[in-house]
Amino acid sequence: MSAYPHAVAQGWHPIAAVKQLGANPLARSLMGTPVVVFKGAGGPAVLVDRCPHRNMALSRGAVHSGEIECPYHGWRFASDGRCTLTPGASEPARFGAQTLPVAVRAGLVWTTLAKSPNTEPFLPPPLTTEGLDTFMWPVKPSRARLIDAVENLLDPAHPHFLHAGIVRAKNLRKPVDVTVRVHPTFAEAIYIENAKASALMPRMLEGLRVASIGRFFPPSTGQVAFEGKDGLKLAITVFFTPESENVVRPFAHFATPKGVAPAFVKEALLRAFHIPVLAQDREALRKQTDDIENFGAPKYALGPLDFLFPAINALAAGETPEPSERTARVEL
Ligand code: FES
Ligand SMILES: [Fe+2]
């Protein structure tokens, strides 16, 4: 049985940002399979990272005119996996490298391990919305289980402790009405706050926060959005790519409405704010993963603020949940 939930195992995942692709091939991993991504003749190409000859990783080689050259005996492979050159022989070998499907969306190179992928990568709004200031932040991999990393982004209960004073003040909770909506294709928790953020940085960035919203889209995309009186203030959409059972590579997309501040100023501020937050989350996820490993497997209790956890698991498993809605009042 696959160690990955069904929709994750069958899903498309980003493995690199297009702008990360340079002259050299990039070694990546998707659910335990080493893959190589490089600039092919017709655009980004993705191959299983194994030379068919003696199994050297192709990512150790070099790219020449859109073809990847194995460093061991110099066989070259085109984007379609075909061997185009076998040095010393008049004809190229008839053994090709294994290709994987490629899609380029939102500035990212996506692939899938599904045998017959029938869908394209799914981009939730606001990635499909025109007229916003956006930037894509490829984050370095974290030691974390996929679902734990997704939940970490969407979990409203940890910032008071893990990011005390940065994201939420530790001892300044306010009542918040929560609506949890599960749809057949995604789930969301809407927190009506109607208050200024309790911590300094979001206060400066946002002003009055009417609502914060956490959303999950299968296979493994999380989104947090903050809304003010006039609608969206900031949406952070994170595509979590499972490199292996305990390593996740996130790609974070930030969107803000155009306004007085130029896009590059907002990007600099958002990055400066999130660097310490990300470091704290990485550290917590690493410890959590170590601690789970000491017991062999997770055994989780469902807490009263774990609003999205059941839906995340159901949707990632490829289920189509019955639509439902419930409300709660908590303090955040
Ligand atoms: S191992 Fe790649 S060419 Fe021989
Ligand atoms: Fe966090």
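Buried means under 20% relative accessible area. I keep that cut-off at hand for these entries, and I note that the model is predicted.

**Entry 1: the iron site**

I looked up what holds the iron ion (ligand 2). The protein donors are His158 (NE2), His163 (NE2) and Asp281, which appears twice through OD atoms. They lie 2.1 to 2.4 Å from the iron ion.

I then checked the angles. Among the four donor atoms they run from 56 to 151°. Four donors count as tetrahedral if all angles lie between 85 and 135 degrees, so I write the site down as irregular.

Next came the positions along the chain. The donors follow the spacing H-x4-H-x117-D. His163 lies in the loop between α3 (159-162) and β13 (175-182), while Asp281 belongs to helix α5 (residues 263-293), so this pair ties together parts that are 118 residues apart in sequence.

Are these two residues buried or exposed? His163 has a relative accessible area of 2% and is buried. Asp281 comes out at 11%, so Asp281 counts as buried too.

**Entry 2: Ser220 and the loop before β16**

I moved on to the loop between β15 (208-217) and β16 (221-228), where Ser220 sits. Its relative accessible area is 3%, so Ser220 is buried.

What does the side chain of Ser220 reach? I found the backbone oxygen of Phe240 at 2.9 Å. Leaving aside neighbours within four places in sequence, I listed the contacts of Ser220 as His13, Leu146, Val150, Val238, Phe239 and Phe240. Phe240 therefore turns up in the contact list of Ser220 as well as in the side-chain entry, with contact meaning heavy atoms within 4.5 Å.

In the loop between β15 and β16 I also found Pro219. The peptide bond joining Pro218 and Pro219 is cis, and omega is about 10°.

**Entry 3: another cis bond**

I looked up Pro125 and Pro126. The peptide bond from Pro125 to Pro126 is cis, with omega near 10°. Pro126 is placed in the loop between β10 (108-112) and β11 (132-138).

**Entry 4: positive phi values**

I looked for phi values that are positive in a residue other than glycine. Asn55 is one of them, with phi near 70°. Asn55 is in the loop between β4 (43-48) and β5 (62-64). With a relative accessible area of 43%, Asn55 is partly exposed.

Where is Asn194 placed? I found Asn194 in strand β14 (residues 187-196). Its phi is near 45°, again a positive value in a residue other than glycine.

Definitions and conventions:
Residues numbered from 1 in each chain as written. Chains lettered and ligands numbered in written order. Predicted model: local features only at pLDDT ≥ 70, side-chain atom pairs only at ≥ 80, totals over all residues. Heavy atoms only, no water. Donors = N, O, S within 2.8 Å, 3.2 Å for Na, K, Ca; no water. Tetrahedral: all angles 85-135°; square planar, octahedral: opposite > 155°, others 65-115°. Helix = DSSP H or I, 4+ residues; strand = E, 2+ residues; numbered from the N terminus. Buried < 20%, exposed > 50% of the residue type's maximum accessible area, 1.4 Å probe, protein only. Polar contact = N/O pair within 3.5 Å; in protein donor to acceptor, adjacent residues only side chain to side chain.
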